[in-house]
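Please open the model in a viewer and keep the sequence panel at hand. The tour proceeds by selections, each followed by a description of what is there.

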Amino acid sequence: MAEATTAKNAVDTNVSQLDDDKTAQEGEFVGATLQIASETQNGQAEAPEVEFAGPGITRNRPGSVIGQRSVVSTSSRTSRRPGVVKSDTTSSTFFSYKENSFQSAVDKVSTVIKPELDGELLGAWLLVEIDHWDFEREKIVLLTANSMFIIKYNFITQTLQEYRRIMLHIIDAILIGDFVYPNSSLMPDRQHGGIQIRWASGTELSFGQKWNPWCTDIPWATLAHHPILYNPKENETVTFNVDEFFESLLQATSKVFETKRPNEKVKVIEGPILIESYASLPSMVFNQSGLGFFRDRNGLCF
């Protein structure tokens with residue numbers, strides 16, 4: 001299955017219209033909406049206080065490869081697959097889990113950051129992106145003062161393959177909750193949750209976008225925990241936890257809104273997150289086989 005493999009073809013998201021007050025269309029999810037902001041004495045919106053947990057924060061724990069512990073909570077805010085446990089043997093098949101592999105990757109991909117545009121690097125995570133065709137892929141996610149990056153990195157060849165830059169001020173809403181399929185879908189329940197970051201609110205996908213599985217200009221990004229989080233040694237590790245990214249993204253976006261969209265607040269919607277997949281055998285095989293992850297598969301590495 002062909003994919004774009006060069007960084008020069010990466011998509012920089014740029015939306016000129018900001019409109020997050022559109023009426024929901026038929027079939028579109030509508031959930032509970034939280035307006036995240038507090039008022040100071042002078043009436044100015046204040047960003048929620050959430051501690052960043054990115055590179056440089058080290059809390060060594062026995063057995064943990066990364067060593068960064070959750071500072072938000074000891075339990076996951078988004079649901080995890082029940083009964084799933086990743087053993088050390090299984091975890092070791094992920095090239096991203098090799099010693100120093102993730103930090104080395106972050107050092108390499110950080111070159112895409114333009115300080116004058118993006119600001120300083122705040123944190124890095126290793127998560128799963130679920131695309132609009134329901135395919136799961138391992139991605140490095142960088143958060144800076146003004147932007148977020150979703151990066152495909154080959155942990156075997158140690159090369160950056162493609163990335164997307166999303167400016168924080170264009171974000172219209174952040175959804176958090178369990179993933180669900182349409183009622184008429186034949187797909188098995190996912191039984192876990194995550195987040196979806198949306199921009200270009202109210203924009204319908206074109207025919208070419210919706211039916212092109214390799215389209216990279218979809219106006220949302222859907223992220224979930226990395227499978228390594230299911231290793232008991234890594235249950236509280238910042239790097240693999242989408243909850244940690246959500247909290248840091250919320251704080252960073254709130255700060256950006258103070259200057260870029262001062263009369264608006266970060267919109268957080270809690271409730272089911274719809275994945276429009278009805279009977280996708282290719283995505284089921286792809287996801288169950290873990291083909292979106294760089295792994296050692298009994299001597300075959302891909």
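How many residues lie between strand 6 and strand 7 in the hairpin that they form? There are two residues between these strands. Please note at the outset that the model is predicted.

**First stop: strand 7 and its neighbours**

Select residues 147-154, which make up strand 7. Eight of the eight residues are buried, so the strand is largely enclosed by the rest of the structure; the cut-off for buried is a relative accessible area under 20%. Display the side chains next. Ser147, Phe149, Ile151 and Tyr153 point one way from the strand, while Met148, Ile150, Lys152 and Asn154 point the other way. Both sets are buried, Lys152 and Asn154 included.

Add residues 136-144, strand 6, to the selection. Strand 6 and strand 7 run antiparallel and are joined by four bridges. To locate the register, centre on Leu142, which stands opposite Phe149 of strand 7.

Now add residues 159-167, strand 8. Strand 8 pairs with strand 7 over eight bridges, again in the antiparallel sense. In this pairing, Lys152 stands opposite Glu162 of strand 8. The two strands form a hairpin with four residues between them.

**Second stop: two residues with positive phi**

Remain at the loop between strand 7 and strand 8 and select Gln158. Its phi is positive, about 60 degrees, although Gln158 is not a glycine. Is Gln158 buried, partly exposed or exposed? With a relative accessible area of 43%, Gln158 is partly exposed.

Then move to Asp134, in the loop between strand 5 and strand 6. Asp134 also is a residue other than glycine with a positive phi, here near 75 degrees. Asp134 is buried, and its relative accessible area is 0%.

**Third stop: helix 6**

Select residues 281-288, helix 6. Which residues of this helix are buried? They are Ser283, Phe286 and Asn287. Look down the helix axis: the buried residues fall within an arc of 90 degrees, so they line one face of the helix. An α-helix has 3.6 residues a turn, so residues three or four places apart point the same way.

Rotate the view to the face turned away from the buried side, where the exposed residues Leu281 and Gln288 are found. Return to the buried residues and show strand 6, which is included in what covers them. Beyond the helix, select Gly290, which follows helix 6 and has a positive phi near 65 degrees.

**Fourth stop: the second largest pocket**

Rolling a probe the size of a water molecule over the atoms shows where empty space is left. Display the second largest pocket, which has a volume of about 520 Å³. Of the 27 residues that line this pocket, the closest to its centre are Arg81, Glu136, Arg190, Asn287 and Gln288.

Colour the lining by class to see 12 nonpolar, eight polar and seven charged residues. Which element supplies the largest share of the lining? Helix 6 does, with three residues. Strand 5, residues 121-130, and helix 6 each supply at least two residues of the lining.

As a last selection, show Asn287 and Gln288 together, both among the residues closest to the pocket centre. Asn287 is one of the buried residues of helix 6, whereas Gln288 is exposed, on the face turned away from the buried side.

Key. Residues are numbered from 1 along each chain as its sequence is written. This is a predicted model: local features need pLDDT of at least 70, side-chain atom pairs count only at pLDDT 80 or more; totals for chains, interfaces and linings use all residues. Side-chain values use heavy atoms; hydrogens and water are left out. Buried means under 20% relative accessible area, exposed over 50%, partly exposed in between (1.4 Å probe, protein chains only). Two strands pair if DSSP finds at least two bridges between them. On a 1 Å grid over the protein atoms alone, a cavity is a set of points where a 1.4 Å probe fits but cannot get out, and a pocket is an open set with protein on both sides within 12 Å along at least five of seven lines; lining residues have an atom within 4 Å of a point. Grid points are joined across faces, edges and corners, and a volume is the space filled by probe spheres set on the points. Ala, Val, Leu, Ile, Met, Phe, Trp, Tyr, Cys and Pro count as nonpolar, Asp, Glu, Lys and Arg as charged, and the others, Gly among them, as polar. The arc is that of the directions from the helix axis to the C-beta atoms. Contact means heavy atoms within 4.5 Å.
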